[in-house]
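Here are some notes to read alongside the model, for anyone opening it for the first time. Keep the viewer open and follow the points in order.

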Amino acid sequence: MDEWVAIAKDKLKQGEVIAYPTEAVFGLGCDPFNQQAVERILSLKQRAVEKGLILVAAKPEAFVTLTQLYNQAWSQKVLDSWHNPMQAVTWLLPKTDSCPVWVSGQHDSVAVRVSHHPIVQALCGEGVLVSTSANPATLEPARSCQQVKDYFGDQVWCLNAELGGLAKPSQIWDALSGQRLR
């Protein structure tokens with residue numbers, strides 16, 4: 001599997017979009033600082049840039065320059081939610097000026113998640129990736145590389161590995177309001 005992760009990381013460095021397994025579904029990922037790669041994901045998904053995208057990391061510290069994660073009244077609640085490998089929780093956090101607008105869309109916040117999936121952790125390393133479900137708008141998220149291929153043909157390279165065993169994609173919570181959005 002290390003060889004496939006190395007190939008995937010190389011593709012990400014080259015500005016390509018890849019598909020990879022997450023806790024519940026396959027995700028589309030790219031370097032969030034590469035505007036062309038992000039625009040390619042948005043085009044593949046038929047998604048408006050204004051909506052924004054989720055970022056994923058292997059550890060919370062990866063979000064330090066992109067969000068106002070630390071020293072907030074809600075910081076500990078967010079950090080605690082990421083300790084449980086049996087759940088996937090995405091948080092909308094206030095963004096910093098370092099967060100690309102093509103990732104956050106029209107929002108003052110950015111959606112972020114820490115993943116316990118070993119493939120996602122290996123892909124992220126110390127950094128962050130875009131992580132959005134591998135499907136065009138209105139269709140069900142892909143749960144296999146075959147479904148990714150059915151949706152996107154040869155436009156997306158897929159890292160074929162097992163999903164993490166969760167039935168549903170991550171919950172999404174707004175850190176400021178405490179409201180669950182999904």
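**Salt bridges and cores**

1. Let's start with a pair to click on: lysine 149 and aspartate 154, whose side chains meet in a salt bridge with 2.8 Å from N to O. Bear in mind that this is a predicted model. Lysine 149 counts as partly exposed, since its relative accessible area is 42%. Aspartate 154 has a relative accessible area of 71%, so it is exposed.

2. How many salt bridges does a search of the whole structure find? It turns up four, and the pair in point 1 is one of them. Two others are worth a look, so they get a point each below.

3. Go to arginine 113 and glutamate 23 next. Their side chains form a salt bridge, N to O at 2.7 Å. The two residues sit 90 residues apart and link distant parts of the chain: arginine 113 belongs to strand E5, while glutamate 23 is in the loop between strand E1 (18-21) and E2. Are these two buried or exposed? Arginine 113 and glutamate 23 are both buried.

4. Then there's glutamate 126 with lysine 59, another salt bridge, where the closest N and O atoms are 3.3 Å apart. Glutamate 126 is in the loop between helix H5 (118-124) and E6, and lysine 59 is in the loop between E3 and H3, so this pair ties together parts 67 residues apart in sequence. At 63% relative accessible area, glutamate 126 is exposed; lysine 59, at 32%, is partly exposed.

5. Now for the inside. As a rule of thumb, nonpolar side chains in soluble globular proteins tend to be buried together. Here the largest nonpolar core has 39 residues, and Trp82 and Val148 have the most contacts inside it. Many elements chip in: strands E2 (26-29), E3 (54-57), E4 (89-94), E5 (109-114) and E6 (128-130), plus helices H2 (35-45), H3 (75-81) and H6 (145-152), each supply at least two residues of this core. H2 gives the largest share, five residues.

6. What does valine 148 touch, once neighbours within four places in sequence are left aside? Its contacts are Ala19, Phe26, Ala134, Ala142, Gly153, Val156 and Cys158. Try selecting these together with valine 148 in your viewer.

7. One last thing to find: apart from the largest core lies another one, of 15 residues. Its members include Val120, Cys124, Leu159 and Ala161.

Terms used. Residues numbered from 1 in each chain as written. Predicted model: local features only at pLDDT ≥ 70, side-chain atom pairs only at ≥ 80, totals over all residues. Heavy atoms only, no water. Core = buried A, V, L, I, M, F, W, Y, C linked by side-chain atoms within 4.5 Å. Buried < 20%, exposed > 50% of the residue type's maximum accessible area, 1.4 Å probe, protein only. Helix = DSSP H or I, 4+ residues; strand = E, 2+ residues; numbered from the N terminus. Contact = heavy atoms within 4.5 Å.
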